[in-house]
Amino acid sequence: MPSSQARSRARDRNNVLNRPEFLSLNQPPRREHVAGETRGGGGPRRPVRQPSQQDDAAAARGSRDSSEGGAGGDGGAKEASRWPEQDCMQLNPSFRGIAISSLLAIDISLSKRLGVCVRPHGSAASMRSMVTLLALSGHALPWLCGTLICLWRSNTMAGQEVLVNLLLALILDVMTVAGMQKLVKRRGPWDFPPGFLDIVAMDTYSFPAAHASRAIMVSKFLLNHLVLAVPLRILLYLWAFLVGMSRVLLGKHHLSDVGCGFALGFLHFRLVESVWLDSATCQTLISIGSLRWTPLL
């Protein structure tokens, strides 16, 4: 009997898995520990203490706390793995975001520097009235009223056809630009409140520039349907460009607003040309508008 116990103790000592560094933390300690053993297996045994109910409760509580701590550790690891990724995305933005932010900053800076006619007593105060008049030439109200007057005074069907399509193009331009401005709601570089004429034409925001869109659309329309000499054609293009730049000089729009306005006006011209109304349709619309239309019997 003593020899078998000595062999079992020697086997336990030689087992690598019984070393303390390989034991699990959740595993309760072994209940039989032999103290005072020598290399030869001799020496008295230390009495083994029997576990009490308090020890069992403490072990169960420690096991529960360790399991909860493990679950909390997993949640903490998930949070830790999630937050540093967001911080890394904020600290290291994409090349596209950096490029867009840089272009917007350059756009705002150049637009503010070009707004030389903003203040009535600035360095360019002498040309403020001329620039204001140039911007007024691209307003929607003079073009709508002028087209209606010309349509009322016109006596030829060809002229009425051109004027009706021009009127529809102007209405399309006003409604499209007003809708995009309400959707984007971008303020101008100097953030001035809109004037009375701007409110009438629904030109209350900066993007896109309504004057630029209208100027390029009207110039393309007139060049396509009127026979003009080369100097007049050049002056018409120059007028459209100066109308767009006048709004930048007055501090109403950014350079990007004017550029997008030019592109939008060209698209309006192409759209009107693609859905061009013929002479019969234009005469019907004129009859309805003048209340002289009689239904067919």
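The following conversation goes through a predicted model of one chain and asks how some of its labels are earned.

Biologist: How many helices and strands make up the secondary structure of the chain?

Modeller: The chain has eleven helices and zero strands, and so the order of elements from the N terminus on reads α-α-α-α-α-α-α-α-α-α-α, since a strand would need a DSSP run of E. Of the 297 residues of the chain, 26% count as buried.

Biologist: Why is phenylalanine 196 called buried or exposed?

Modeller: Phenylalanine 196 has its place in helix 7, and its relative accessibility is 65%. Exposed means over 50% relative accessible area, and therefore phenylalanine 196 counts as exposed.

Biologist: What makes the nonpolar surface patch, and which helices supply it with at least two residues each?

Modeller: The patch, of about 570 Å², is made by Leu133, Leu136, Leu141, Phe196, Leu197 and Val200. Helix 4, which spans 128–136, and helix 7, which spans 196–200, each supply at least two of these residues, and the largest share, three residues, comes from helix 7.

Biologist: How do you know whether leucine 144 is buried, exposed or partly exposed?

Modeller: Leucine 144 is found in helix 5, and its relative accessibility is 24%. Because buried means under 20% and exposed means over 50%, a residue in between is partly exposed, and so leucine 144 counts as partly exposed.

Biologist: Which residues is leucine 144 in contact with, leaving aside its neighbours within four places in sequence?

Modeller: With those neighbours left aside, leucine 144 is in contact with Leu167, Leu170 and Ile171. Leucine 170 is 26 residues away from leucine 144 in sequence, and their C-alpha atoms are 7.0 Å apart in space.

Biologist: What makes the reach of helix 9 close to the one expected?

Modeller: Helix 9 covers residues 230–249, has 20 residues and reaches 28 Å from its first C-alpha to its last, which is close to the 28 Å expected at 1.5 Å a residue. Its buried residues are Leu236, Trp239, Ala240, Val243, Gly244, Met245, Ser246, Arg247 and Val248, and what covers them includes helix 3, helix 4, helix 5, helix 7, helix 8 and helix 10. Just after helix 9, glycine 251 takes a positive phi of about 75°.

Biologist: How many disulfides are there, and how exposed are cysteine 117 and cysteine 150?

Modeller: A disulfide calls for a pair of cysteine sulfur atoms within 2.5 Å, and by this rule the count comes to zero. Cysteine 117 has a relative accessible area of 0%, which is under 20%, and it is therefore buried. Cysteine 150 has a relative accessible area of 42%, which lies between 20% and 50%, and so cysteine 150 is partly exposed.

Biologist: What is the phi of methionine 202, and why is this residue called partly exposed?

Modeller: Methionine 202 lies in the loop between helix 7 and helix 8, and its phi is near 60°, a positive value in a residue other than glycine. Its relative accessible area is 37%, a value between 20% and 50%, so the label of partly exposed follows.

Biologist: What can be said of the peptide bond from phenylalanine 207 to proline 208, and where is proline 208 placed?

Modeller: That peptide bond is cis, with omega near -10°, and proline 208 has its place in the loop between helix 7 and helix 8.

Technical notes. Residues are numbered from 1 along each chain as its sequence is written. This is a predicted model: local features need pLDDT of at least 70, side-chain atom pairs count only at pLDDT 80 or more; totals for chains, interfaces and linings use all residues. Side-chain values use heavy atoms; hydrogens and water are left out. Helices (H or I, at least four residues) and strands (E, at least two) are DSSP runs, numbered from the N terminus. Buried means under 20% relative accessible area, exposed over 50%, partly exposed in between (1.4 Å probe, protein chains only). Patches are made of residues with over 30% relative accessible area and no salt bridge: like charges are joined within 9 Å, nonpolar side chains (Val, Leu, Ile, Met, Phe, Trp, Tyr) within 5 Å. Accessible areas come from the Shrake-Rupley method with a 1.4 Å probe; for residues, only the protein chains shown count as cover. A salt bridge is a side-chain nitrogen of Lys or Arg within 4 Å of a carboxyl oxygen of Asp or Glu. The expected span of a helix is 1.5 Å times one less than its number of residues. Contact means heavy atoms within 4.5 Å.
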